[in-house]
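This report describes one protein chain, from two of its helices to its overall form. Please look at the sequence and the model before reading on.

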Amino acid sequence: MAENSRQHQISFLGPEASFTHMAALKVFPDGSLLPFTTIPECIEAVAEGRVDYAVVPLENALEGSVPLTIDYLFHEVQLFVTAEVLSPIEQHLLVHPENRYADSFEAIYSHPHALAQCHKFLFYTYKTTPLEQFSSTSAAAKMVSELPERPIAAIGNEFSAEKYGLDILHRDIHDFHFNHTRFFVLSRENHKLDARGHDEQIKTTLMISLPEDDRSGVLHQVLSVFSWRKLNLSKIESRPLKTGLGNYFFIVDVLEDENAAMMKGAFEELAAIGCSVKSLGSYYTYK
């Protein structure tokens with residue numbers, strides 16, 4: 001849906017048919033999509049100018065944030081969010097057709113979040129089967145497709161089953177019905193991807209470090225900066241600064257454009273309090 005998307009190169013957490021691949025296709029259906037093995041590799045590809053955009057997972061409704069994405073954006077690179085994608089996540093148990101009627105499995109492979117999202121099913125149905133973590137759901141599915149001689153299974157999506165010729169042994173094995181993942185579309189340039197198919201609500205993500213003097217009530221002061229200006233926060237989360245126990249920075253999502261007058265005033269007041277603010281930019285949501 002993105003204008004001139006055919007001209008763009010986009011890195012994503014692969015291999016092909018991963019949930020991140022599906023999210024990238026929502027925004028760049030005609031783009032040149034390039035799979036990478038890890039989240040840092042995806043992010044570095046755009047930071048170094050080898051691709052135009054990177055699509056990486058940020059947060060799951062069941063398992064929470066992806067710390068690697070957040071920490072890399074805070075500590076390692078200066079990139080901006082140009083869009084976010086909300087995608088429903090449906091997990092299935094995938095097997096090679098030759099093992100469809102296997103009595104048991106040697107192991108079940110998938111991404112750690114996928115394994116956690118299917119905890120109840122796995123506990124009650126495959127309680128004694130070892131669970132093995134993999135870099136992504138699609139990587140696990142690809143491996144299962146390449147090893148028909150081994151009675152192993154993967155947890156992944158229907159796209160992966162089709163892509164790698166696997167059978168779906170059990171459908172919708174995730175523990176809760178509302179299972180969505182939030183993805184960021186990252187760029188070196190601070191701009192908004194503005195095309196058909198996005199929510200009209202704009203959002204800004206800030207990373208805020210508190211003053212070094214650690215005075216009493218400072219977090220309340222930070223929240224008051226937004227409160228009295230009637231700037232609605234849709235999320236606030238803490239992450240370790242990695243400088244010592246008890247030192248944190250905060251990720252804040254504000255439902256307003258960073259260029260709005262009230263937001264500019266908020267930035268000035270946060271600076272006056274002694275906070276450091278890193279803005280990841282303002283963006284729309286694709287669903």
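## Helix H2 and its surroundings

Helix H2 (residues 39–47) has Ile39, Pro40, Cys42, Ile43, Ala45 and Val46 as its buried residues. Buried means under 20% relative accessible area, exposed means over 50%, and partly exposed lies in between (1.4 Å probe, protein chains only). Helices (H or I, at least four residues) and strands (E, at least two) are DSSP runs, numbered from the N terminus. The model is predicted: local features need pLDDT of at least 70, side-chain atom pairs count only at pLDDT 80 or more, and totals for chains, interfaces and linings use all residues. Residues are numbered from 1 along each chain as its sequence is written, and side-chain values use heavy atoms, with hydrogens and water left out.

The cover over the buried residues of H2 includes strand E1 (9–13), strand E2 (32–36), strand E3 (53–60), H3 and E11. After H2 comes Gly49, which has a positive phi, near 80 degrees.

Cys42 of H2 has 0% relative accessibility and therefore counts as buried. Cys118 is also buried, at a relative accessible area of 0%. A disulfide is a pair of cysteine sulfur atoms within 2.5 Å, and by this rule the count is zero.

## Helix H9

Helix H9 (residues 261–273) has 13 residues, which at 1.5 Å a residue should span 18 Å; its end C-alpha atoms are 19 Å apart, which agrees. The expected span is 1.5 Å times one less than the number of residues.

Which residues of H9 are buried? They are Met263, Gly265, Ala266, Leu270 and Ile273. Down the axis of H9, these buried residues fall within an arc of 155 degrees, so they line one face of the helix. The arc is that of the directions from the helix axis to the C-beta atoms. On the face turned away from the buried side are the exposed residues Ala261, Glu268 and Ala272.

Strand E12 (198–209), helix H8 (218–227), strand E14 (248–254) and strand E15 (276–286) are among the elements that cover the buried residues of H9. Gly274 follows H9 and has a positive phi, near 110 degrees.

## Aromatic pairs

The whole structure holds seven aromatic pairs. Rings of Phe, Tyr and Trp (its six-membered ring) pair if their centres lie within 6.5 Å; planes under 30 degrees apart count as stacked, over 60 as edge-to-face and the rest as tilted. For Phe74 and Phe249 the ring centres are 3.8 Å apart and the planes are at 5 degrees, so this pair is stacked. Phe74 belongs to helix H3 (residues 67–75) and Phe249 to strand E14, so the pair ties together parts that are 175 residues apart in sequence. Phe74 and Phe249 are both buried. Elsewhere, one aromatic cluster is formed by Phe105, Phe121 and Tyr126.

## Three residues in their settings

The table gives the place and relative accessible area of three residues.

| Residue | Place | Relative accessible area |
|---|---|---|
| Thr82 | strand E5 (residues 80–88) | 0%, buried |
| Thr181 | strand E11 (residues 180–187) | 10%, buried |
| Arg150 | loop between helix H6 (137–146) and strand E9 (152–156) | 24%, partly exposed |

Contact means heavy atoms within 4.5 Å. With neighbours within four places in sequence left aside, Thr82 is in contact with Tyr53, Val185, Ser187, Glu189, His191, Lys192, Leu193 and Tyr283. On the same basis, Thr181 is in contact with Pro57, Glu59, Asn60, Val85, Leu86, Ser87 and Ile89. Thr181 and Thr20 are 161 residues apart along the chain, and their C-alpha atoms are separated by 9.2 Å.

With neighbours within four places left aside, the contacts of Arg150 are Asn99, Glu106 and Tyr109. Arg150 and Ile89 are 61 residues apart in sequence, and 27 Å separates them in space, C-alpha to C-alpha.

## The chain as a whole

The protein chain has nine helices and 15 strands. Its C-alpha atoms fill a box of roughly 65 × 45 × 30 Å along the principal axes. A compact globule of 287 residues would have a radius of gyration near 19 Å, and the chain has 21 Å, which agrees. This radius is taken over C-alpha atoms, and the globule rule is 2.2 Å times the number of residues to the power 0.38.

Of the 287 residues, 52% are buried. Among contacts between residues at least 6 apart in sequence, 77% join residues at least 24 apart.
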